Amino acid sequence: MKNIGLYFGTFNPIHIGHLIIANHMVENSDLDEIWMVVTPHNPFKKKSTLLNNNHRLEMVYLATKQYDKIKPSDIEFNLPQPNYTINTLTHISEKYPNYNFNLIMGEDNLKSFHKWRNYEAILEDYKIYVYPRISDGIVENQFIDHAKIHRVDAPIVQISSTMIRNGIKSQKNIQPLLVAKVWSYIDEMNFYKK
């Protein structure tokens, strides 16, 4: 049974930091593939700055094309909004019964994981792979030595999509932070310039 890691994000835009983490996770754990799940609208984020779903999916496709073990996923596009991770996990597990799904998250998300809808149900049925992030707050005791939570010693990446959008808006050269084809797409479509 294939072991799939689900890496959720708005990927607005996807950048080399996302790829560094995804690649590190798939190469240094028991995961066979990483699916980059493009989130249509995170209930905790303002919608206004989000590019259209299909543009963000296209950028993930362009960014991951050369990686055999990293794939774009639009599985959340047809689920009711706002969507919660537990619903996606249930849906994807029913849709692909021959795959074993796992959740990938940054340590910053683990710190607020106790606030997620049905987080207990997620932990009951899925493993969580956590990559390090520099952030405030503490991880709740219940998650520190949890059998289903695996910390992966990935590089700490301090690149954010917000930083990239702001850089483009103020006409800075942010090309090294993006896969070349993603940069070309953003430039061609005039994204994030206003």
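Which residue of β6 does valine 130 stand opposite? Valine 130 stands opposite arginine 151 in that strand. The model is a predicted one. Its 6 strands form an open sheet with parallel pairing, and its largest nonpolar core has 39 residues. The points below take the sheet, the helices, the cores and two single residues in turn.

**The sheet**

- The strand order is β3-β2-β1-β4-β5-β6.
- β3 (70-73) and β6 are the edge strands; each has a single partner strand, so one side of each has no neighbour in the sheet.
- From one strand to the next, the twist averages 30°.
- Strands of a sheet pair through backbone hydrogen bonds, in either a parallel or an antiparallel way.

**Strand β5 and its two partners**

- β5 pairs with strand β4 (residues 99-106) in the parallel sense over 4 bridges, and leucine 103 has isoleucine 128 of β5 as its bridge partner.
- β5 also pairs with strand β6 (residues 149-151), in the parallel sense over 3 bridges.
- Isoleucine 128 stands opposite isoleucine 149 in β6.
- In a regular strand, side chains alternate between the two faces of the sheet.
- In β5, Ile128 and Val130 point one way, while Tyr129 and Tyr131 point the other way. All of these residues are buried.

**Helices on the sheet**

- Helix α1 packs on the sheet and touches β1 (2-9), β2, β3, β4 and β5. The direction of α1 makes about 145° with that of β2.
- Helix α3 (residues 85-95) also packs on the sheet, where it touches β1, β2 and β4. The direction of α3 makes about 145° with that of β1.

**Helix α2**

- α2 has 12 residues and reaches 17 Å from its first C-alpha to its last, close to the 16 Å expected at 1.5 Å a residue.
- Asparagine 52 caps the N-terminal end of α2, with a side-chain oxygen 2.6 Å from the backbone nitrogen of asparagine 54.
- The buried residues of α2 include Arg56, Leu57, Met59 and Val60, and also Leu62, Ala63 and Thr64.
- These buried residues pack against α1, β2, β3 and α8.

**The nonpolar cores**

- Nonpolar side chains tend to be buried together in soluble globular proteins.
- Within the core of 39 residues, those with the most contacts are Tyr7, Ile14, Ile34, Met36 and Val182.
- The elements that give two or more residues to this core are α1 (16-27), β2 (33-38), α2 (53-64), β5 (128-131), α7 (161-169) and α8 (180-189).
- Apart from this core lies another, of 24 residues, among them Phe101, Phe113, Trp116 and Ile128.
- Valine 182 touches Ile14, Met59, Leu62 and Ala63, not counting residues up to four places away in sequence.

**Phenylalanine 101**

- Phenylalanine 101 lies in strand β4 and is buried, with a relative accessible area of 2%.
- Leaving aside neighbours within four places in sequence, phenylalanine 101 is in contact with Ile4, Leu6, Trp35, Ile92, Ser93, Tyr96 and Tyr126.
- Phenylalanine 101 and threonine 85 are 16 residues apart in sequence and 12 Å apart in space, C-alpha to C-alpha.

**Asparagine 83**

- Asparagine 83 is found in the loop between β3 and α3.
- Asparagine 83 counts as buried because its relative accessibility is 8%, and buried means under 20%.
- The side chains of asparagine 83 and threonine 88 are joined by a polar contact of 2.6 Å.

Key:
Residues are numbered from 1 along each chain as its sequence is written. This is a predicted model: local features need pLDDT of at least 70, side-chain atom pairs count only at pLDDT 80 or more; totals for chains, interfaces and linings use all residues. Side-chain values use heavy atoms; hydrogens and water are left out. A nonpolar core is a set of buried Ala, Val, Leu, Ile, Met, Phe, Trp, Tyr and Cys residues joined through side-chain atoms within 4.5 Å. Buried means under 20% relative accessible area, exposed over 50%, partly exposed in between (1.4 Å probe, protein chains only). Contact means heavy atoms within 4.5 Å. Two strands pair if DSSP finds at least two bridges between them. Axes are lines fitted to C-alpha atoms, for helices over the stretch in contact, and angles run from 0 to 180 degrees between N-to-C directions. The expected span of a helix is 1.5 Å times one less than its number of residues. A polar contact is a pair of N or O atoms within 3.5 Å; within protein, one must be able to donate a hydrogen and the other to accept it, and residues adjacent in sequence count only if both atoms are side-chain atoms.
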